[in-house]
Amino acid sequence: MKISQISVFLDNRKGRLFEVCDLLGKNKINVRALIVAEAEDFGVLRMVVNDAQAALDLLKANSFV
């Protein structure tokens with residue numbers, strides 16, 4: 001079984017993680033696992049989702065890096 005991981009760069013501000021999860025949820029993309037590595041000004045969200053390509057396209061379309 002092949003598993004794809006998506007990494008998303010997030011600025012470190014209140015509500016930013018919610019924005020990603022809310023966007024995915026509203027588009028019926030389920031997060032199966034996630035981890036956040038953070039620094040003072042930013043974080044990197046790493047996720048495994050049920051449809052990696054759809055999530056990647058959706059995040060890019062909504063200006064997530």
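Ala, Val, Leu, Ile, Met, Phe, Trp, Tyr, Cys and Pro count as nonpolar, Asp, Glu, Lys and Arg as charged, and the others, Gly among them, as polar. The legends below describe a predicted model.

**View 1. Lining of the largest pocket.** By these classes, five nonpolar, two polar and two charged residues form the lining of the largest pocket. Met1, Lys2, Ile3 and Ser4 belong to this lining, together with Arg32, Val48, Val49, Asn50 and Ala52. The volume of the largest pocket is about 160 Å³.

**View 2. Overall fold of the protein.** Two helices and three strands make up the secondary structure of the protein. Along the sequence, these elements follow the pattern β-α-β-β-α. Along the principal axes, the C-alpha atoms fill a box of roughly 35 × 25 × 15 Å. The radius of gyration is 11 Å, which agrees with the value near 11 Å that a compact globule of 65 residues would have.

**View 3. The three-stranded sheet.** The sheet is open, its three strands have the order 1-3-2, and the pairing is antiparallel. Strand 1 (6-11) and strand 2 (31-38) each have a single partner strand and stand at the edges, so one side of each is left without a neighbour in the sheet. On average, neighbouring strands of the sheet are turned by 25° against each other, direction ignored.

**View 4. Pairing of strand 1 with strand 3, and the packing of helix 2.** Six bridges connect strand 1 and strand 3 (residues 42-49) in the antiparallel sense. Ile6 has Met47 of strand 3 as its bridge partner. Helix 2 (residues 52-61) packs on the sheet and touches strand 1 and strand 3. The direction of helix 2 makes about 25° with that of strand 1.

**View 5. The hairpin of strand 2 and strand 3.** Strand 2 is joined to strand 3 by a hairpin through three residues. The two strands run antiparallel, with seven bridges between them. In this pairing, Arg46 of strand 3 stands opposite Ile35.

Terms used
Residues numbered from 1 in each chain as written. Predicted model: local features only at pLDDT ≥ 70, side-chain atom pairs only at ≥ 80, totals over all residues. Heavy atoms only, no water. Pairing = 2+ DSSP bridges. Helix = DSSP H or I, 4+ residues; strand = E, 2+ residues; numbered from the N terminus. Axes fitted to C-alpha atoms, helices over the stretch in contact; angles between N-to-C directions. Contact = heavy atoms within 4.5 Å. 1 Å grid on protein atoms, 1.4 Å probe; cavity = no way out; pocket = protein on both sides within 12 Å on 5 of 7 lines; lining within 4 Å. Points joined across faces, edges and corners; volume = space filled by probe spheres on them. Rg over C-alpha atoms; globule rule 2.2 N^0.38 Å.
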